[in-house]
Amino acid sequence: MQYRRFGKTEMRLSVFSLGLMRYMSGDPDNATRVVQRGVELGINHLETARGYGTSEDLLGRALKAIDRTSVHITTKIAPRPTYDRFMQDFETSMEKIGIDVLDNLDIHGINNEQKFAWAVDEKQTWRAVRKLLDSGTVKHVGFSTHGKTPILLKTVNTEMFESINLHYYWFYQAHAPVIERAAELDMGVFIISPNEKGGLLFKPTETLQRLSAPLHPMHLNQRWLLADPRIHTLSVGPSVPEELDAPMAVADNVGPLTEQERAALQRWEEHRRASLGADFCTECQKCLPCPEGIDIPELLRLRNAAVAFDMLEYGTFRYNLLDGSFDWFHGQMGDHCTECGQCLPRCPEKLAIPRLLFDTHDLLKRGRGKRLWG
Ligand code: SF4
Ligand code: SF4
């Protein structure tokens with residue numbers, strides 16, 4: 001296992017962090033075994049959240065089976081409209097985990113303007129954060145987000161946070177400007193779920209396997225991330241200890257991309273462009289906003305992956321989470337397009353956006369899965 005300085009926090013974190021959202025399955029001892037196995041493999045960063053059901057309780061139990069001083073703990077707590085509610089949540093988390101000092105507190109889910117406003121409110125959530133930092137109860141504060149690039153940049157640019165926990169993968173590069181800005185500010189950069197939300201890469205499609213061979217697509221994506229020194233740690237979220245072994249295969253391999261890796265990634269890129277032809281969306285985001293609240297780049301990103309790499313399961317998984325809000329899962333489904341045409345002149349690729357959105361819906365709406373591109 002390799003370790004990297006987590007930006008200005010000065011914590012030295014393992015390049016893989018143990019995300020404890022999914023490990024609640026199985027018997028009650030399963031969680032402890034997951035943590036023990038992670039520590040054995042060299043992981044020194046454990047990440048949970050107030051909102052992950054029994055995860056904090058199980059972490060508290062698991063900590064009794066390992067050397068607490070050998071790990072850094074992050075828990076995530078959502079911003080609240082009042083100081084008292086945030087403090088109550090914080091105290092609940094500390095009690096459940098069974099610790100007096102928290103290494104890193106992430107403000108959970110700064111996904112939109114409302115959450116941003118609550119997070120940085122000096123009289124409410126941020127007053128609580130300041131008090132916890134001043135008293136030494138919390139050593140560092142960062143934030144996690146499922147938001148779009150502008151709200152991420154706005155939050156980063158407050159310079160109130162020491163680290164960021166975000167989505168960024170080969171299959172989702174829209175946040176590249178955020179990575180750049182975070183590096184300029186010497187922030188810790190923690191990538192959420194590269195193997196699952198980054199493309200269900202632990203069970204890659206045959207197309208992706210063929211294009212990656214002899215490498216594994218999951219390892220290629222991890223290597224693409226870890227070859228970037230601005231990125232410090234990637235989450236891995238096993239439900240059982242055995243699921244840790246495969247992702248960890250690259251844990252000592254953090255140097256620049258090899259020729260073989262570069263060639264495989266080049267094959268991905270060339271195949272994507274060739275498969276999508278004139279319908280390739282570059283995910284530049286210039287078409288936004290849509291008056292119907294459709295996150296056009298995100299929908300076409302999922303279409304790109306489904307059409308070019310047969311990633312229908314991934315696309316369906318993500319598409320069917322869309323709930324019409326702009327918080328955790330952004331915006332409306334493609335069938336909400338009224339063909340108003342407002343986005344069309346803004347697209348540098350001159351894409352027929354309404355047609356592609358209806359196509360995406362037919363392709364990815366659960367239970368449909370019709371391939372309209374022939
Ligand atoms: S044409 Fe459709 S996607 Fe484009 S702005 Fe209008 S409603 Fe939104
Ligand atoms: S402007 Fe065009 S290429 Fe850019 S994200 Fe929107 S649809 Fe895709």
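**Exercise 1. Place proline 214 and describe the bond before it.**

Step 1. Proline 214 belongs to the loop between helix H8 (206-212) and helix H9 (217-226). This is a predicted model.
Step 2. Look at the bond that leads into this proline. From alanine 213 to proline 214 the peptide bond is cis, and omega is near 10°.
Step 3. Set this against the usual case. Most peptide bonds are trans.

**Exercise 2. Find the loop that holds proline 289, and state the form of the peptide bond from leucine 288.**

Step 1. Proline 289 sits in the loop between helix H10 (259-276) and H11.
Step 2. The bond from leucine 288 to proline 289 is cis. Its omega is near 5°.

**Exercise 3. Work out how the barrel is built, then follow strand S3 to its partners.**

Step 1. Take the whole sheet. It is a closed barrel of 8 strands, in the order S3-S4-S5-S6-S7-S8-S9-S10, with parallel pairing. On average, neighbouring strands of this sheet are turned by 30° against each other, direction ignored.
Step 2. Recall what holds such strands side by side. Strands of a sheet pair through backbone hydrogen bonds, either parallel or antiparallel.
Step 3. Go to one partner of S3. Strand S3 (residues 16-19) and strand S10 (residues 233-236) run parallel and are joined by 3 bridges. Here phenylalanine 16 faces leucine 234 in S10 as its opposite residue. Leucine 18 stands opposite valine 236 in S10.
Step 4. Go to the other named partner. S3 and strand S4 (residues 45-49) run parallel, joined by 2 bridges. Leucine 18 stands opposite leucine 46 in S4.
Step 5. Put the leucine 18 results together. This residue has valine 236 in S10 opposite it, and also leucine 46 in S4.

**Exercise 4. Pick two further strand pairs of the barrel and name a pair of opposite residues in each.**

Step 1. Strand S9 (residues 188-191) runs parallel to S10, with 2 bridges between them. Isoleucine 191 is opposite leucine 234 in S10.
Step 2. Strand S7 (residues 138-144) pairs with strand S8 (residues 163-166) in the parallel sense over 2 bridges. Serine 144 is opposite asparagine 165 in S8.

**Exercise 5. Sort the side chains of S3 and S10 by face. Are they buried or exposed?**

Step 1. Start from the rule. In a regular strand the side chains alternate between the two faces of the sheet.
Step 2. Apply it to S3. Phe16 and Leu18 point one way, while Ser17 and Gly19 point the other way.
Step 3. Do the same for S10. Thr233 and Ser235 lie on one side, Leu234 and Val236 on the other.
Step 4. Read off the burial. The four named residues of S3 are all buried. Those of S10 are all buried too, with both faces of the strand covered.

**Exercise 6. Describe the surroundings of the two ligands.**

Step 1. Locate ligand 1. It sits in the second largest cavity.
Step 2. List its neighbours. Ligand 1 is surrounded by residues including Cys290, Cys337, Cys340 and Cys343. Glu292, Glu339, Pro354 and Leu357 are also among them.
Step 3. Class the shell. Around ligand 1 there are 8 nonpolar, 2 polar and 2 charged residues.
Step 4. Turn to ligand 2. It has 14 residues around it, of which Cys281, Cys284, Gln285, Cys287 and Cys347 come nearest. Its shell divides into 9 nonpolar, 2 polar and 3 charged.

**Exercise 7. Two residues have a positive phi. Where do aspartate 186 and lysine 350 lie, and how accessible are they?**

Step 1. Note the background. Most residues other than glycine have a negative phi.
Step 2. Aspartate 186 has phi near 60°. The residue is in the loop between helix H7 (176-184) and S9. It counts as partly exposed because its relative accessibility is 30%.
Step 3. Lysine 350 has phi near 55°. The residue is in the loop between helix H12 (312-319) and helix H13 (353-364). It is exposed, as its relative accessible area is 65%, and exposed means over 50%.

**Exercise 8. Why does alanine 308 count as buried, and arginine 12 as partly exposed?**

Step 1. Alanine 308 lies in helix H11 (residues 296-309). Its relative accessibility is 3%, so alanine 308 counts as buried. The cut-off for buried is under 20%.
Step 2. Arginine 12 lies in strand S2 (residues 12-14). Its relative accessible area is 48%, so arginine 12 is partly exposed.
Step 3. Add a distance for each. The C-alpha atoms of alanine 308 and glutamine 124 are separated by 47 Å. For arginine 12 and isoleucine 110, the C-alpha separation is 25 Å.

Methods
Residues are numbered from 1 along each chain as its sequence is written. Chains are lettered from A and ligands numbered from 1 in the order in which they are written. This is a predicted model: local features need pLDDT of at least 70, side-chain atom pairs count only at pLDDT 80 or more; totals for chains, interfaces and linings use all residues. Side-chain values use heavy atoms; hydrogens and water are left out. Buried means under 20% relative accessible area, exposed over 50%, partly exposed in between (1.4 Å probe, protein chains only). Two strands pair if DSSP finds at least two bridges between them. A residue is near a molecule or strand if one of its heavy atoms lies within 4 Å of it. On a 1 Å grid over the protein atoms alone, a cavity is a set of points where a 1.4 Å probe fits but cannot get out, and a pocket is an open set with protein on both sides within 12 Å along at least five of seven lines; lining residues have an atom within 4 Å of a point. A molecule sits in a cavity or pocket if more than half of its atoms lie within 2 Å of its grid points. Ala, Val, Leu, Ile, Met, Phe, Trp, Tyr, Cys and Pro count as nonpolar, Asp, Glu, Lys and Arg as charged, and the others, Gly among them, as polar. Axes are lines fitted to C-alpha atoms, for helices over the stretch in contact, and angles run from 0 to 180 degrees between N-to-C directions.
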